Amino acid sequence: TVEQAQAALAAARAAFPGWCGTPWQERVAFIRAIAEKISDNSFDLSALMIVEVGKSRLEALGEVEETADLLRYYADSMEKNSGFVNELGKLNPDDPKEKNFSVLRPYGVWAVISPFNFPMALSAAPIAAALVTGNTVVFKGSSDTPYNGWKTAELFAEAGLPAGVFNYVSGPGGTVGQELLDNPGIDGWTFTGSYDVGMMVYGTAAHGAYPRPAIIEMGGKNPTVVSSTADLNRAATGVMRAAFGMDGQKCSACSRVYVQEDVYDEFKAKLLEMTRAAKVADPTRRDAFMGTVINKKAYEDYQRFVEKARADGEVLVGGGVLTEEEFSKGYFVEPAIVEGLPEDHELVRTELFLPILHITKVKTLDEAMEKANDTQYGLTAGFFGEEIGWFFENIQAGTTYVNRAAGATTGAWPGVQVFGGWKGSGSSGKGIGGLYTLG
């Protein structure tokens, strides 16, 4: 209820002075202990994620270990920077009494609001980032994944943190979520979700007696450019994995591909062959590549979008829903590849969060780049070819990959690749897992 959300905020406010005054080394120790518990229980946590979210085994195991690594990364970052207390220079170098310091301080009560698609990584990681820097936390997970939200909260609730330092609430976005947006007792937010709600959070942060910080990630409409110089096997593999892994329900999923015309037909043939071979199955099965979409609305949206694709373009592969035998108890859909839609079409402009990919033929790389950048988003982007410097210099995205078969636009790992958005995809510019994540 709203009253319970208010009680959680009050508890976090009361606990803040003590937690803020706790040596950062002790806070780091808490976070590292939680990371170890996650790794120790990775199979149970992954199984829960498969059942509730519909992820494949590979995706679920990957998320659980990514969560643990994110916590370790934040703990390491705090330690590496000595709690972010740094001595500066002197106005008078000869004066032994002059000392100047840069000291980063926590804000206070931090709200973490997370999505369904990475219910542990995008919950536990921002919770840990806020806690390790001395903030207290009120956390709300997605209503689509209440069990994962509960298990994530349990990891922190059972870690021995002082009372009130960590608080968990669950409930509808229109009541509990709205309270975590409107309450003036919140000092900052981490939000991952839709562009519309993200901009609402950002607007709230800018109003009031003073601006408050908001770390916001709002999705993407992520392009891949395929040059005539590309290794087409590598390109088709990377695009297929990035477009259809976790049923396309990733903010980083590849949803648009621009291919130079002299290699278009060959690339398309390879991509279609690989997509047809992608296994849609009960996600508890070892050989499942795709499981289910998250809920009935997503299932219905998929069918509606496919109808539009057939009306306005051509569906080259997929586009059906699976309902027989093992598919009778879940929202199973086929990976769909579409071509022939205009650039201003809803399926080309809007983030669908579904396994629907649009491919387009272009004459030049400059034409491909212009179309790739023609979006309000700027989260991830991929390129296959030899013109690497040109791509990095011109693409408007926060997380970029070149010639990456493991995923054309997906798969950033903490401490290895920085993950963050540009333009309408993010607010801070720092990037998760980067040098400035906590600073």
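**Aromatic pairs**

Start with the rings. Select every Phe, Tyr and Trp in this predicted model. A search of the whole structure turns up 14 aromatic pairs.

Zoom to tryptophan 150 and tyrosine 168. Their ring centres lie 6.1 Å apart, with 55° between the planes, and the pair is tilted. Now colour the elements that carry them. Tryptophan 150 belongs to helix H6 (residues 146-157) and tyrosine 168 to strand E5 (residues 166-169), so the pair ties together parts that are 18 residues apart in sequence. Are these two residues buried, partly exposed or exposed? Tryptophan 150 is partly exposed, at 46% relative accessibility. Tyrosine 168 is also partly exposed, with a relative accessible area of 23%.

Jump to tyrosine 299 and tyrosine 331. Here the centres are 5.0 Å apart and the planes stand at 45°, so this pair is tilted. Again, distant parts of the chain are linked. Tyrosine 299 sits in helix H11 (residues 296-312), while tyrosine 331 is in the loop between strand E11 (321-322) and strand E12 (332-333); the two residues are 32 apart. Switch on the surface. Tyrosine 299 is buried at 14% relative accessible area, because the cut-off for buried is under 20%. Tyrosine 331 is partly exposed, at 31%.

Go back to tryptophan 150 and widen the selection. Add Phe139, Phe156, Phe166 and Tyr168: ring pairs link these residues and Trp150 into a cluster.

**Charges over rings**

Select lysine 55 and phenylalanine 118. The charged end of the lysine sits over the phenylalanine ring, 4.0 Å from the ring centre. Next, pick arginine 304 and phenylalanine 305. The arginine lies over the face of the phenylalanine, at 4.6 Å from the centre of the ring.

**The seven-stranded sheet**

Switch to cartoon view. Look for an open sheet of 7 strands with mixed pairing. Follow the order E10-E13-E14-E9-E8-E15-E16. Which strands form the edges? They are strand E10 (314-317) and strand E16 (399-402), and each pairs on one side only. On average, neighbouring strands of the sheet are turned by 25° against each other, direction ignored.

Step inside the sheet to strand E13 (residues 336-339) and strand E14 (residues 356-362). They run parallel and are joined by 4 bridges. Label valine 338: opposite stands histidine 358 in E14.

Now add helix H13 (residues 365-373), which packs on the sheet. The helix touches strand E8 (222-226), strand E9 (254-260), E14 and strand E15 (380-384). The direction of H13 makes about 165° with that of E9.

**A β-α-β unit**

Select residues 188-192, strand E6, and residues 214-217, strand E7. These strands run parallel, with 4 bridges between them. Phenylalanine 191 has isoleucine 216 in E7 as its bridge partner. Add helix H8 (residues 195-206) to the selection. E6, H8 and E7 together make a right-handed β-α-β unit.

**Two positive phi angles**

Which residue of the loop between helix H4 (57-80) and strand E1 (85-87) comes next? Serine 82 lies there. The phi of serine 82 is positive, about 50°, although the residue is not a glycine. Serine 82 is partly exposed, with 40% relative accessible area.

Finish with asparagine 403, found in the segment after E16. Asparagine 403 is not a glycine either, yet has a positive phi of about 55°. Its relative accessible area is 25%, so asparagine 403 counts as partly exposed.

Notes. Residues numbered from 1 in each chain as written. Predicted model: local features only at pLDDT ≥ 70, side-chain atom pairs only at ≥ 80, totals over all residues. Heavy atoms only, no water. Pairing = 2+ DSSP bridges. Axes fitted to C-alpha atoms, helices over the stretch in contact; angles between N-to-C directions. Contact = heavy atoms within 4.5 Å. Right-handed = clockwise from strand over helix to strand, strands pointing away. Phe/Tyr/Trp six-rings, centres within 6.5 Å; stacked < 30°, edge-to-face > 60°. Buried < 20%, exposed > 50% of the residue type's maximum accessible area, 1.4 Å probe, protein only. Lys NZ or Arg CZ within 6 Å of the ring centre and 35° of its normal.
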